[in-house]
Protein chains: 2
Amino acid sequence: MKKDMDRMIIPKPAIVRLSTLYVLLENLEAEGKSMIYSAEIGKLLGVPSHTIRKDISFLRQAGTGNGYEITNLKNIIAEYLGFNKYKKACIVGMGRLGTVITTKNGFYSNQYAVVAGFDNNPEKIKKGRNDMDLYPMSKLKEVIDREQIKIGIITVPQSSARKVANELIDCGIKGIINFSPVLIEINREDVFIRNIFIAGEFNILSALISQYENKQTLGE
Amino acid sequence: MKKDMDRMIIPKPAIVRLSTLYVLLENLEAEGKSMIYSAEIGKLLGVPSHTIRKDISFLRQAGTGNGYEITNLKNIIAEYLGFNKYKKACIVGMGRLGTVITTKNGFYSNQYAVVAGFDNNPEKIKKGRNDMDLYPMSKLKEVIDREQIKIGIITVPQSSARKVANELIDCGIKGIINFSPVLIEINREDVFIRNIFIAGEFNILSALISQYENKQTLGE
DNA sequence: GACTGTGAAGTAGTTCACAGCA
DNA sequence: TGCTGTGAACTACTTCACAGTC
């Protein structure tokens with residue numbers, strides 16, 4: 001296996017941390033801050049400073065030796081991880097959840113670019129929105145092709161989630177954020193899925209709390 | 001380090017997978033299915049069958065050698081990971097998102113037990129709900145103590161998320177699911193937080209897609 | 001002088017491969 | 001025969017520690 005290629009393969013957990021760091025940097029930039037240190041980033045992200053330095057070192061071009069210039073670091077991350085390449089997303093399911101998470105100045109505000117919404121209920125399409133275009137499901141392929149969308153968000157009920165995921169993939173979508181309360185698994189290594197699975201989160205917390213208590217009891 | 005204690009410490013990723021598996025088993029049980037094999041679970045969860053077998057083997061009591069009896073496996077997981085211990089949660093922020101994710105027969109339905117909702121806007125409390133009790137923020141400690149709640153969900157805007165998290169922890173909450181678009185970090189090893197950070201998910205997908213494309217181009 | 005950058009060392013998690021069981 | 005269960009081997013990730021930089 002070659003190791004000295006221009007662009008090394010970054011470990012997945014590092015990608016996840018850097019992706020989160022990017023959003024953090026955007027916020028700090030908006031607050032007017034200009035420099036930041038690895039120790040500070042670590043505190044904000046809840047990981048040790050050496051992990052941050054290591055993650056940034058995978059990018060092979062960041063530092064000046066004394067802290068990071070926020071705008072610069074942000075741009076390097078975006079360029080290296082390809083954020084600028086795939087900005088556009090579409091959402092399928094314009095029910096209450098779909099509406100909440102895509103409303104500008106709403107809960108998740110304008111942090112990402114959802115350019116098209118789909119629903120098979122014509123009533124939901126008819127309402128219209130002034131910040132994104134709404135279409136019936138029949139237009140899925142046409143719009144995804146035209147807008148070159150690579151990311152899809154699923155906010156349809158459980159019963160149709162799997163079907164919608166397949167449709168999105170058939171239309172060329174390469175990344176899916178699934179909010180429906182069912183796990184979607186993808187047997188293709190070229191399509192990535194992030195399941196936002198709240199019932200699971202709930203159980204994970206119960207388990208972590210119990211484990212912690214057991215560990216305490218065992219005296220370790 | 002002792003290795004042969006009754007209840008071994010399970011790796012965190014395994015806890016996460018088992019917690020998710022539990023929800024999956026609940027669904028399968030509801031569909032009337034009674035047996036399942038590791039290969040099948042693996043396919044549904046998107047991980048290899050040996051990972052599943054290994055995860056289950058940490059529980060030290062599951063198998064009969066030929067598939068898993070769903071109800072039995074479910075109960076073993078719940079018992080081992082302590083799901084039955086901490087069932088109750090509360091939610092802070094009864095805005096649109098908070099309402100959507102806690103409405104029964106709504107998007108996330110009745111898969112978890114949110115027993116109390118809090119908001120500092122009296123209008124939102126006044127509306128009332130027939131499936132959970134609503135309170136002003138001033139009742140936080142009282143209700144959490146009385147109901148022995150250990151898990152809190154945060155659906156307040158960015159600006160007050162950090163403050164609410166601290167209040168929850170002061171009231172004895174040990175696990176937090178944070179939906180607000182800001183990372184909350186906790187410097188205590190006895191409190192766990194799961195950040196549902198959608199802008200981050202979006203970036204993660206962009207990055208994974210780009211990485212994949214780079215890997216392909218490099219010919220690996 | 002204080003911080004970063006990064007090979008090397010260490011640790012945690014995953015995969016293998018096969019023995020054991022129904 | 002077909003599946004699970006699990007130490008052992010392996011791989012991936014994290015942490016260390018210190019040389020390099022401003």
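This is a short tour of a predicted model, starting with one chain, moving to the interface and ending at a few side chains.

**Stop 1: chain A on its own**

Select chain A and switch to cartoon. You should be able to pick out nine helices and eight strands. Colour by accessibility and you'll find that buried residues account for 50% of the 220 residues in the chain. If you like contact maps, take the contacts between residues at least 6 apart in sequence: 55% of them join residues at least 24 apart.

**Stop 2: where the chains meet**

Now bring chain B back and select whatever touches across the boundary. The contact draws 78 residues from chain B and 78 residues from chain A. About 7,500 Å² is buried between the two chains, with carbon and sulfur atoms giving 72% of that area.

Next, turn on polar contacts between the chains. There are 13 residue pairs to look for, counting those with both residues at pLDDT 80 or more. On the chain B side, the elements that give two or more residues are helix 1 (12-30), helix 2 (38-45), strand 3 (88-92), helix 5 (96-102), strand 7 (175-178), strand 8 (192-195) and helix 9 (198-217). Helix 9 of chain B is the one to highlight, as it supplies the largest share, 18 residues. Colour this side of chain B by residue class and you get 44 nonpolar, 18 polar and 16 charged residues.

How many salt bridges run between chain B and chain A? Four. To see one of them, show K85(B) and E213(A) as sticks: their side chains meet at 3.2 Å, N to O.

**Stop 3: the strands of chain B**

Hide chain A for a moment and select strand 4 of chain B, residues 113-119. This strand is mostly covered, with five of its seven residues buried. On one pairing, strand 4 of chain B runs parallel to strand 3 of chain B, joined by five bridges; look for A89(B) partnered with V114(B). Strand 4 of chain B also pairs in the parallel sense with strand 5 (residues 133-136) of chain B, this time over four bridges. There, A116(B) has D133(B) as its bridge partner.

**Stop 4: a threonine in a loop**

Stay in chain B and go to T155(B), in the loop between strand 6 (151-154) and helix 8 (158-170). Is T155(B) buried or exposed? Its relative accessible area is 4%, so T155(B) counts as buried. Zoom in on the side chain of T155(B), which reaches the backbone oxygen of G93(B) at 2.7 Å.

**Stop 5: salt bridges within the chains**

Over all chains there are 28 salt bridges. Three are worth a click.

- Select K88(A) and E147(A), whose closest N and O atoms are 3.1 Å apart. This pair links distant parts of the chain, 59 residues apart: K88(A) sits in strand 3 of chain A and E147(A) in helix 7 of chain A. K88(A) is partly exposed at 31% relative accessible area, and E147(A) is partly exposed at 22%.
- Move to E167(A) and K163(A), bridged at 3.2 Å. They are four residues apart in helix 8 of chain A, so about one helical turn separates them. E167(A) is partly exposed at 25%, while K163(A) is exposed at 55%.
- Finish in chain B with D145(B) and K141(B), at 3.3 Å. Both lie in helix 7 of chain B, four residues apart, about one turn of the helix. D145(B) is partly exposed, with a relative accessible area of 42%.

Definitions and conventions
Residues are numbered from 1 along each chain as its sequence is written. Chains are lettered from A and ligands numbered from 1 in the order in which they are written. This is a predicted model: local features need pLDDT of at least 70, side-chain atom pairs count only at pLDDT 80 or more; totals for chains, interfaces and linings use all residues. Side-chain values use heavy atoms; hydrogens and water are left out. Contact means heavy atoms within 4.5 Å. Buried area is the accessible area (1.4 Å probe) that two parts lose on being put together, summed over both. A polar contact is a pair of N or O atoms within 3.5 Å; within protein, one must be able to donate a hydrogen and the other to accept it, and residues adjacent in sequence count only if both atoms are side-chain atoms. Ala, Val, Leu, Ile, Met, Phe, Trp, Tyr, Cys and Pro count as nonpolar, Asp, Glu, Lys and Arg as charged, and the others, Gly among them, as polar. Buried means under 20% relative accessible area, exposed over 50%, partly exposed in between (1.4 Å probe, protein chains only). Two strands pair if DSSP finds at least two bridges between them.
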